[in-house]
Amino acid sequence: MKKRIACTITMMCLLTILTGCGKKCAYEGCENEAVNKAGYCKEHTCTVDGCTQPVINNGTYCAEHGCNVAGCVNKGRDDGDYCKDHSCTYFSCKNIRIDGEIFCEEHIDKKCKMDDCHERGEDNGYCAEHTCKIMGCDNPVVDGKGTCKEHLQYACQSSECSETTYYYDLSKFSEVSVGNKNYCYNHGCKYGGCNNEAMAGKSFCEKHLKTVKENEQKTAEEEQAKYKDKEIVSENGKYMWQVYAASDSLHFSATCKGSGYFGIKILDSNQDFFDLVLNEVGSYELDKTIYGLTVGEKYFIQIEVSDGTISYSWTGTYGK
């Protein structure tokens with residue numbers, strides 16, 4: 001029994017030594033209990049898995065894993081001493097940046113030559129934004145535009161726009177271009193052959209916006225006219241109308257006067273029999289509804305009269 005107690009006490013002491021339990025955190029000013037063999041509490045221990053070193057800059061990482069810039073609490077790059085916000089951006093350089101720049105002292109000459117630009121320059125000394133957008137040209141852009149002075153005719157004329165004209169964009173892919181020669185895709189009128197600026201928030205200039213609306217209205221009217229009732233036969237007491245169903249039923253009204261035959265049939269789009277509306281001899285008043293039509297489908301209404309007169313009408317189509 002005494003051996004078991006002694007063994008338990010020994011294990012507890014060993015555990016205390018290994019974990020730091022029972023000791024105060026070694027971080028200056030901290031009264032928390034230590035949780036690891038390095039002697040630091042959870043709050044002041046680096047958060048990288050397996051690391052027991054103290055944090056720096058009141059952050060969550062130690063000197064090995066955190067950014068070494070005073071006051072920075074970011075995690076350092078795996079291959080360097082600084083975080084991505086404080087490391088030089090020149091390819092794989094690990095040096096610290098100059099304040100206000102994205103390069104270190106060694107690579108500061110690699111930044112874009114354009115005034116007030118902090119981006120990395122290409123082989124021509126200018127960043128992509130400040131290099132002429134015309135293919136093959138390495139000249140710097142004219143201030144506020146997307147092309148150099150030599151290619152200014154291809155720059156969008158809209159104020160503060162740095163894009164090239166839609167004409168140039170199309171000409172890169174085709175020898176024949178109908179794009180706007182003065183404005184980019186977003187600012188130019190898109191009506192074929194027009195080089196004017198589009199109205200704000202529109203795709204066309206004032207002139208061609210009106211033209212487009214008139215064309216759309218004309219097209220809509222022509223489309224609607226296709227569905228109007230059309231009389232295609234009217235001779236020798238026989239009449240035939242081409243109609244389109246606007247509902248699933250047609251209601252017929254007719255007044256027949258005379259001693260002869262009066263007949264009304266509905267034919268389908270192939271002019272095959274669909275339904276019988278009227279089949280009478282002698283004067284007759286018709287008030288009848290036919291059901292089962294398909295909306296938008298074409299039908300034919302056939303009317304036959306001998307020895308008499310008929311006045312008729314229907315509803316359920318798009319009208320005359």
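I134 is found in the loop between α1 (2–19) and α2, and in this predicted model the residue has 8% relative accessibility, which means that I134 counts as buried. Along the chain I134 and T164 are 30 residues apart, yet in space their C-alpha atoms are 8.1 Å apart.

From T164 the reader can move on to helix α2 (residues 166–171), which contains Y166, while Y185 belongs to the loop between α2 and α3. Y166 and Y185 form one of the eight aromatic pairs that the structure holds. Their ring centres are 5.0 Å apart and their planes stand at 70°, and because planes over 60 degrees apart are classed as edge-to-face, the pair of Y166 and Y185 is edge-to-face. The two tyrosines are 19 residues apart in sequence, so their pairing ties together parts of the chain that lie in helix α2 and in the loop that follows α2. With a relative accessibility of 25%, Y166 counts as partly exposed, and Y185, at 43%, counts as partly exposed as well. Y185 has a further contact, since the charged end of K190 sits over its ring, 4.3 Å from the centre. A charge over a ring is also found at F91, where R120 lies over the face of the ring at 4.2 Å from its centre.

Helix α3 (residues 206–225) has 20 residues, and the distance from its first C-alpha to its last is 29 Å, close to the 28 Å expected at 1.5 Å a residue. The buried residues of α3 are H208, L209 and V212. Seen down the helix axis, these buried residues fall within an arc of 110°, so they line one face of α3. An α-helix has 3.6 residues a turn, so residues three or four places apart point the same way. On the face of α3 turned away from the buried side are the exposed residues E206, K207, K210 and K218.

The strands can be taken sheet by sheet. Five of them form an open sheet in the order β1-β2-β7-β4-β5, with antiparallel pairing. Its edge strands are β1 (230–235) and β5 (273–281), each of which pairs on one side only, and the twist from one strand to the next averages 10°. Strands of a sheet pair through backbone hydrogen bonds, either parallel or antiparallel.

Within this sheet, β1 and β2 pair in the antiparallel sense over five bridges, and the bridge partner of S234 in β2 is Y239. The hairpin of β1 and β2 has two residues between the strands, and there N236 takes a positive phi near 50°. Strand β2 (residues 238–244) is also joined to strand β7 (residues 298–305) by seven bridges, the two strands running antiparallel. Along this pairing, M240 has Q302 as its bridge partner in β7, and Q242 stands opposite F300 in β7. Five of the seven residues of β2 are buried, so the strand is largely enclosed by the rest of the structure.

A further open sheet is formed by three strands in the order β6-β3-β8, again with antiparallel pairing. Here β6 (284–291) and β8 (308–315) stand at the edges, and because each has a single partner strand, one side of each is left without a neighbour in the sheet. Neighbouring strands of this three-stranded sheet are turned by 15° against each other on average, direction ignored. Strand β3 (residues 249–258) pairs with β6 in the antiparallel sense over eight bridges, and H251 stands opposite T289 in β6.

The aromatic pairs offer a last route through the model. Ring pairs link W241, F252, Y312 and W314 into a cluster. Within it, the rings of Y312 and W314 have their centres 5.9 Å apart and their planes at 5°, so the pair is stacked. The two residues fall into separate accessibility classes: Y312, with a relative accessibility of 22%, counts as partly exposed, whereas W314, at 12%, counts as buried because buried means under 20% relative accessible area.

Definitions and conventions:
Residues numbered from 1 in each chain as written. Predicted model: local features only at pLDDT ≥ 70, side-chain atom pairs only at ≥ 80, totals over all residues. Heavy atoms only, no water. Pairing = 2+ DSSP bridges. Helix = DSSP H or I, 4+ residues; strand = E, 2+ residues; numbered from the N terminus. Axes fitted to C-alpha atoms, helices over the stretch in contact; angles between N-to-C directions. Expected span 1.5 Å × (residues − 1). Buried < 20%, exposed > 50% of the residue type's maximum accessible area, 1.4 Å probe, protein only. Arc of directions from axis to C-beta. Phe/Tyr/Trp six-rings, centres within 6.5 Å; stacked < 30°, edge-to-face > 60°. Lys NZ or Arg CZ within 6 Å of the ring centre and 35° of its normal.
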